[in-house]
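Trainee: I have the sequence and the coordinates open. Can we go through the chain together, from its overall layout down to single residues?

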Amino acid sequence: MNVITKTLQLADGRTITIETGKVAKQADGSAVLRMGNTVLLATVCAAKEAVPGTDFMPLQVDYREQYAAAGRFPGGFTKREGKANDEEILTSRLVDRVLRPLFPADFHTEVFVTVMLLSADGVDMPDALAGFAASAAMQSSDIPIEYPISEVRVARVNGEYIINPTFQQMKSADMDIMVGATKDNIMMVEGEMDEVSEQDLIGALKAAHEAIKPMCELQEELAKEIGTDVKREYCDEINDEELREQVKKETYDACYAEAQSGDNDKKHREETYEKIKSDFVEAYDAAHTELTEDDLEEKHAEIERYFADVQRDSMRRSVLDTGKRMDGRATDEIRPIWCEVDALPMPHGSAYFQRGETLSLSTCTLGTKLDEKMIDNVLDKSYQRFLLHYNFPPFCTGEAKAQRGVGRREIGHGHLAWRGLKGQIPSDFPYTVRLVSQILESNGSSSMATVCAGTLALMDAGVPMKKPVSGIAMGLIKNPGEDKYAILSDILGDEDHLGDMDFKTTGTIDGITATQMDIKCDGLSFEILEKALLQAKAGREHILGKITETISEPRAEMKPQVPRIVAFDIPKEFIGAVIGPGGKIIQQMQEDTGATITIEETEGVGKVQVSAPNKASIDAAVGKIKSIVAVPEVGETYEGIVRSVMPYGCFVEIMPGKDGLLHISEIDWKRLETVEQAGIKEGDKIRVKLLDIDPKTGKYKLSRRCLLEKPEGYVEPQRRPRGDRSERRPRRDGERRHNNHESNNNEGQAND
């Protein structure tokens, strides 16, 4: 073994250790990262050659958490880890988005990065360390990548920025941002905030970048020590520079003219560019009849690549030269917006939101506590009461293919929209909320359309949102070596693909609630970021105005088809009484009333939810529960049920589970020899008054006669004097022996 270890100390004194050369030595590169009791293993493997015809970077990143890392068994029947869950996919995407732009443009070999969580004690958050571990494994290999990277989480707690906070610290944070960067440039940002300002976000990015710089320097030292600072040679592209120049010369002017045309129809633009390319291919084929079919196929692939470069360069030049975009807008102009609420008759809330050629149909469904989503991850066992699902069917971009399962893109876009909206749903709102965004048309910024349509659908459903939320995607055009740049508001799909930045922000009128940024260029200054954020703020406010024009506030009344819910607290000592042995009482109440009842202990009280399609069922269920948890009060009158009859009286249930003694002397004003003389039998309903509660035993003393009219001339029977023994009942044998014993003791004391 040639084990090499590097250690880095964070500002708060915690240390991160990177070790390589000990395990996974057959991979192209591997590294073990340790922080406290959290241990990650990262490996990277690359194929020897690219698959012929590949013209993109086939990178795949997989982050996986082992349940054994936390000393737990996986759930489910098989008791083993299955496919990646949403959180693992989201962490994989965070790493992928930082690494992918740093591979050489002509490197097309398959690369697989695997990061495994091997140990965790629930103190430090492992997802913040995955990017650092993956890059360290990459630097310990000869796979060509331009720069080392790292990722950190930055949180703000009590106004202070904290790098890689613990789970405990995150509970009081108002900002949760993941930042990925090289030593010189920020490459990726994603996170959520509690309506913070643009300046606060910039401050968090600066704090994160300062923490990342020494992590990148450590990896440079590691690569030099191992000898992997010199990367492998490769040849994944064969280029014909003469053909490249010919494509540019013969198609650039036509592409530039199309970029300047102001054509706001995506399909028409695609057809125009396709015709420019096909005309060139047709002319090229006619001029090169000597080439075989295989040679022509190879040249066509090269033309495809070179034409994409021409299309990119002409669009960028058009924006930088004239400030005019492909669809004719100015750089800070928002596409036309159309909104409609109550779009569908039966969903609890529904809305259309269209911006340009991007259209989201969002529906809101309100459910009970039973509809909550259970999270059972390695370090997180909880319930989620706000869900957002994003769907991107192929027809929304005109693709002729079947829709398969949910992909990583859908999970990532839905998660961003979820982060943007979740803070505006009150914590005491009793419903479980599910938003579904169906993207019906797409030409850029569909995740931000989801945020806007989601806000409309929530308000249409009557969800009492604190404030409406809007979202916008910003772009950037900046050519290397030029000081001139252009920031684009509300970007098109082509501007995202051909530009240098995709910077999404969501927020209310008072601040940012979520953000996601990917950067594809070098040298992006904080000045540019701040300008982009301020331009985004103006765009968000414009969109918010369109939303509130459509529906200014949540509906005061929910729609008739929404199940009604009543939520209230009960003392925790009554939880068992409401549920009953084996759930018998709560099940019977649900059967009797038709309502759904849930109860759980939280913060020292019982949280009860009663839901039903009508008010009568809810009132009946609430009445039954409150009768169980109610405490009898002295002086109050109750409608009770006779549960048992005894010679000295009867026991009456005045509340569920609460019986009191109605003594024979308190049944009627007249003297009764037996209870039956009053016509009382088991199962009868009678009105009684609570006279007293024994402070020691808690027993209830009841009276019926005090509720009856006193007979005229009634005289209360006289009690016998305590000293008069002549008419006292004879003592039982036990009493006589006890008294004789006492008299003997007294005589003995007198003799003494």
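Mentor: Start with the layout, and keep in mind that this is a predicted model. The centres of domain 2 and domain 5, taken over C-alpha atoms, lie 97 Å apart.

Trainee: Which residues does the domain assignment give to domain 2 and domain 5?

Mentor: The assignment splits the chain into domain 1 (4-226), domain 2 (241-322), domain 3 (337-550), domain 4 (564-629) and domain 5 (636-707). Read off the two you want: 241-322 for domain 2 and 636-707 for domain 5.

Trainee: How much helix and how much strand is there over residues 635-705?

Mentor: That stretch carries the UniProt annotation "domain: S1 motif", from an unreviewed entry. Its end C-alpha atoms are 14 Å apart. The chain there is 0% helix and 51% strand.

Trainee: Is helix α2 enclosed or open to the outside?

Mentor: Helix α2 covers residues 130-139. Its buried residues include Phe 132, Met 138 and Gln 139. Ten of the ten residues are buried, so α2 is largely enclosed by the rest of the structure.

Trainee: Why does Cys 339 form no bond with Cys 452?

Mentor: A disulfide needs two cysteine sulfur atoms within 2.5 Å. Cys 452 holds the closest cysteine sulfur to that of Cys 339, yet it is too far for a bond. By this rule the chain has zero disulfides. The distance that rules out this pair is 7.6 Å.

Trainee: Are Cys 255 and Cys 339 buried or exposed?

Mentor: Buried means under 20% relative accessible area. Cys 255 has 0%, and Cys 339 has 14%. Therefore Cys 255 is buried, and Cys 339 also counts as buried.

Key:
Residues numbered from 1 in each chain as written. Predicted model: local features only at pLDDT ≥ 70, side-chain atom pairs only at ≥ 80, totals over all residues. Heavy atoms only, no water. UniProt positions renumbered as here; feature names shortened; annotations may be inferred. Helix = DSSP H or I, 4+ residues; strand = E, 2+ residues; numbered from the N terminus. Buried < 20%, exposed > 50% of the residue type's maximum accessible area, 1.4 Å probe, protein only. Domains from an automatic or database assignment.
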